[in-house]
Amino acid sequence: MQSTRLTLICHARTVAQKLACFPTNEPVENSALASGALAERVAPPRRLICAPELRTRQTAAWFGADAQIDEALRECDWGRWHGVSIKSLQNSEDPALHAWLEDPHATPHGGESVAQLCERVAIWLSSLQATPGHVVAVTHPFVIRAALIHVMQGTAFHDIDVEPLSMVELRFTGRWRLRLPGLDVKGAR
């Protein structure tokens, strides 16, 4: 059996993330990070791909100049919520926001549902099964969440590998959430 290794990398922080807003096609917040240490973590041979948005292309450039755009990795379509803060939605559309958080098929924003995003990502993951080697994909938090949900379906216990010195962070703020810490790059703020 051929082996496929997939490394999912979340794009660097943006102002929208810092302000808890649904994203637009904004740039990364600190585009002057030294890329040498990042590139070493995913050294060739590997296939580098990224979503089409500016923030993912900028982040992918830190890992190499050879990134190919893959539309399947694109950000979720947030419809009329692009650029809107969570706080603003809590004040103006709390029932719609709550429905979106509770129902993966809900689309109160007029864009793509979480269920649709998960289906798109599942199809993309299936396409990679015939791609041997190391694939490095720079994409968005929701795309990575969708990939994790797809992989962890059913009896997840035996599908989790915990390597020595691994760190997994769980936080409880009304519900348990898995937090995947980013890379600590010197010079990042």
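Two strands pair if DSSP finds at least two bridges between them. Strands here are DSSP runs of E with at least two residues, helices are runs of H or I with at least four, and both are numbered from the N terminus. With that in hand, L48 has V136 in strand 4 as its bridge partner.

A word on the ground rules. This is a predicted model, in which local features need pLDDT of at least 70 and side-chain atom pairs count only at pLDDT 80 or more, while totals for chains, interfaces and linings use all residues. Residues are numbered from 1 along each chain as its sequence is written, and side-chain values use heavy atoms, with hydrogens and water left out.

**The fold**

The protein chain has 7 helices and 6 strands, running in the order β-α-α-β-α-β-α-α-α-β-α-β-β. Strand 4 (residues 133–139) pairs with strand 1 (residues 4–10) in the parallel sense over 7 bridges, and L8 stands opposite A137 of strand 4. Strand 2 (residues 47–50) pairs with strand 4 as well, again in the parallel sense, over 4 bridges.

How much of strand 4 is buried? Quite a lot: 6 of its 7 residues are buried, where buried means under 20% relative accessible area, exposed over 50%, and partly exposed in between (1.4 Å probe, protein chains only). Across the protein chain, buried residues make up 35% of the 189 residues.

**Aromatic rings**

Rings of Phe, Tyr and Trp (its six-membered ring) pair if their centres lie within 6.5 Å; planes under 30 degrees apart are stacked, over 60 edge-to-face, and the rest tilted. That gives 7 aromatic pairs. One of them is W78 with W100, edge-to-face at 5.6 Å centre to centre and 80 degrees between the planes. W78 sits in the loop between strand 3 (68–69) and helix 4 (86–92) and W100 in helix 5 (residues 94–102), so this pair ties together parts 22 residues apart in sequence. Both partners are tucked away: W78 is buried at 1% relative accessible area, and W100 is buried at 7%.

W81 and W100 also pair edge-to-face, at 5.9 Å and 85 degrees. Here the link runs from the loop between strand 3 and helix 4 to helix 5, 19 residues apart. W81 is buried, with a relative accessible area of 0%. These three tryptophans join F22 and F142 in one aromatic cluster. F142 has a charged visitor too: the charged end of R145 sits over the F142 ring, 4.7 Å from its centre (the rule asks for NZ of Lys or CZ of Arg within 6 Å of the ring centre and within 35 degrees of the ring normal).

**Salt bridges**

A salt bridge is a side-chain nitrogen of Lys or Arg within 4 Å of a carboxyl oxygen of Asp or Glu. The structure holds 7 salt bridges, among them these:

| Pair | Closest N and O atoms |
|---|---|
| K18 and E29 | 2.8 Å |
| E26 and R55 | 3.7 Å |
| E93 and R80 | 2.7 Å |

E93 lies in the loop between helix 4 and helix 5 and R80 in the loop between strand 3 and helix 4, so their salt bridge ties together parts 13 residues apart in sequence. E93 counts as buried at 18% relative accessibility. E26 and R55 are buried too. By contrast, K18 is exposed at 52%, and E29 is partly exposed at 29%. R13, K18 and E29 are linked in a network of salt bridges.
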